[in-house]
Amino acid sequence: MEVISYNSPRCCNLNRRLVVKKSSSRQQVKIPLCRKHRILCTRVQFRSGSLGLPNKHHLFLKNVYHGKGSRPFKALEGFNNVDSKVLSGNYNGYVIGSEDEMGRMSETGESVTKVLIPGLPDESNGECGARISSCFWQWKPKFNVHYEKSGAENVNSPPLLFLPGFGVGSFHYENQLKDLGREYRVWAIDFLGQGMSLPFEDPTSPSREEGITEGKDFLWGFGDKTEPWANGLVYSMDLWRDQVRHFVEEVIGEPVYIVGNSLGGFVALYFAACNPQLVKGVTLLNATPFWGFFPNPMKSPRLARIFSWSGTFPLPANVRKLTEFVWQKISDPESMADVLRQVYADHSINVDKVFSHILETTQHPAAAASFASIMFAPQGELSFREALSRCHMNNVPICLMYGKEDPWVKPVWGRQVKKQVPEAPYYEISPAGHCPHDEVPEVVNYLLRGWIKNLESEGAVGLPLLDDMEMESIQNNITRDLEFVREGSKKSVMVRFLGSKFSLWNLIKSSLKSRFGKLETKSP
């Protein structure tokens, strides 16, 4: 083990001493490590509520939240000040509620069984979560990929890889790294062009445009000429698919269970469709079913030639002006906070840490040009539906977990996936929005653990919420009321499992049958 001093642009907040862990022998490595790569790691400690920003950003946020007057930043007023559905009480272990405890009703009006599940590690009570290491892996020259990992000591457990949504990074999976890392080997990466995988150098030479302002000069990617290492660089679906493939082959070294939220869900499915030999299973968390506005040059070469620019560097002059205007709007703290308020169904959730990480990323000089590259990049070679079909054809196990209150990827999209892959377990979580893994991590971790154990045991262990393995339950639909302890209080979330015979008509029939049955019972 050697210690290296690692330098980066001042805005990246990466000036620190990093530990380089030399590769050790792996157990049952199924994929040969192609070549040596420099991997830089450092252990990081997270504090609840800590913003994790340089001092200048702490001061900035202080002004944002506590400006003139005592009111908090208005776009975040909905958070931390709204009553959530919390019940007092404690419990231990997994317990299925008795008939007397059935107090909640499903959409069909039926009584719902209460299931008590474990919460996250409670450090205030001496429970220790897995230690998280922050690392950099150099995929290609100048292509530095940031990732976080935990549970390296769990050598006999299957590996898990988490892919983030657009605009966030590995930090969004802190609750999975700390919790699931206690029994699995867990990785979470930042896509190139996002999070802490933004470049450490300007992909273009400085602009000589007359009248350029000092502020514009600080923006990378707006220069006159592409640097050699950035030739052909486009932050696209195809790049991220290849990034994940090389990461699995060269860093993890064996097939993985891959989990993706939003954009990360699409990338996970796309990667699995193209590399089924590297995948043990795919879990989609409110996966976006489409990405990209422009045609793929490999799939539609003639149509692609119509568009003069496809996300490469440097940005054309007209695109620069558009990018500056749009970026100024979307990188505004109030706009970002408003987006968070949309995607989290429970506004009592503390999103300070998520907000600060996103804000810090927008301060990077490469952020604006990278955003433009992502928006103008071509679509992947496979559509979401084509990738899903190929995974199905290759017998890649798929699990679906969707927050019901997502304003963007509404449940209808998840149910469309379920319709195309009927045997895939589908869990609809409520209340939960676009990021269920961060909003209700206790539920997502519980379901993910159970699904992996079901696959690893080849069916000997039942699916989550279906431990009795009754065929009727697997084929149809059930609803469970999941309860867990968070910060000393009991919180309740409804989870609906849709079986292999799920259809909208069956759902309507079930609801009508329940309602008319109740009327008959009440009549004299």
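Trainee: Which residues make the nonpolar surface patch of about 310 Å²?

Mentor: This model is predicted. The patch covers about 310 Å² of the surface and is nonpolar. Its makers are F290, V412 and W413.

Trainee: Is W413 buried, partly exposed or exposed?

Mentor: W413 belongs to helix α12, which spans residues 411-420. Buried means under 20% relative accessible area and exposed means over 50%, with partly exposed in between. W413 has 36% relative accessibility, so it counts as partly exposed.

Trainee: Does S205 count as buried or exposed?

Mentor: S205 sits in the loop between β10 (185-189) and α3 (214-217). Leaving out residues up to four places away in sequence, S205 touches G223, D224, K225 and E227. The cut-off for buried is under 20% relative accessible area. Because its relative accessibility is 18%, S205 counts as buried.

Trainee: Which helix gives the largest share of the largest nonpolar core?

Mentor: The largest nonpolar core has 64 residues, and L161, L163, W240, V244, F247, I258 and V282 have the most contacts inside it. The largest share of this core is 9 residues, and they come from residues 263-274, helix α5.

Trainee: Which residues from V244 to V259 does L161 touch?

Mentor: Residues up to four places away in sequence are not counted here. The contacts of L161 include W187, A188 and I189. Also among them are V244, F247, V248, I252, V256, Y257, I258 and V259.

Trainee: How many residues are in the other core?

Mentor: This core lies apart from the largest one. Among its residues are I117, I429, V443 and L466. Its size is 36 residues.

Notes
Residues numbered from 1 in each chain as written. Predicted model: local features only at pLDDT ≥ 70, side-chain atom pairs only at ≥ 80, totals over all residues. Heavy atoms only, no water. Patch = residues over 30% accessible without salt bridge, like charges linked within 9 Å, V, L, I, M, F, W, Y side chains within 5 Å. Areas by Shrake-Rupley, 256 points an atom, 1.4 Å probe, with all protein chains shown as cover. Salt bridge = Lys/Arg side-chain N within 4 Å of Asp/Glu carboxyl O. Helix = DSSP H or I, 4+ residues; strand = E, 2+ residues; numbered from the N terminus. Buried < 20%, exposed > 50% of the residue type's maximum accessible area, 1.4 Å probe, protein only. Contact = heavy atoms within 4.5 Å. Core = buried A, V, L, I, M, F, W, Y, C linked by side-chain atoms within 4.5 Å.
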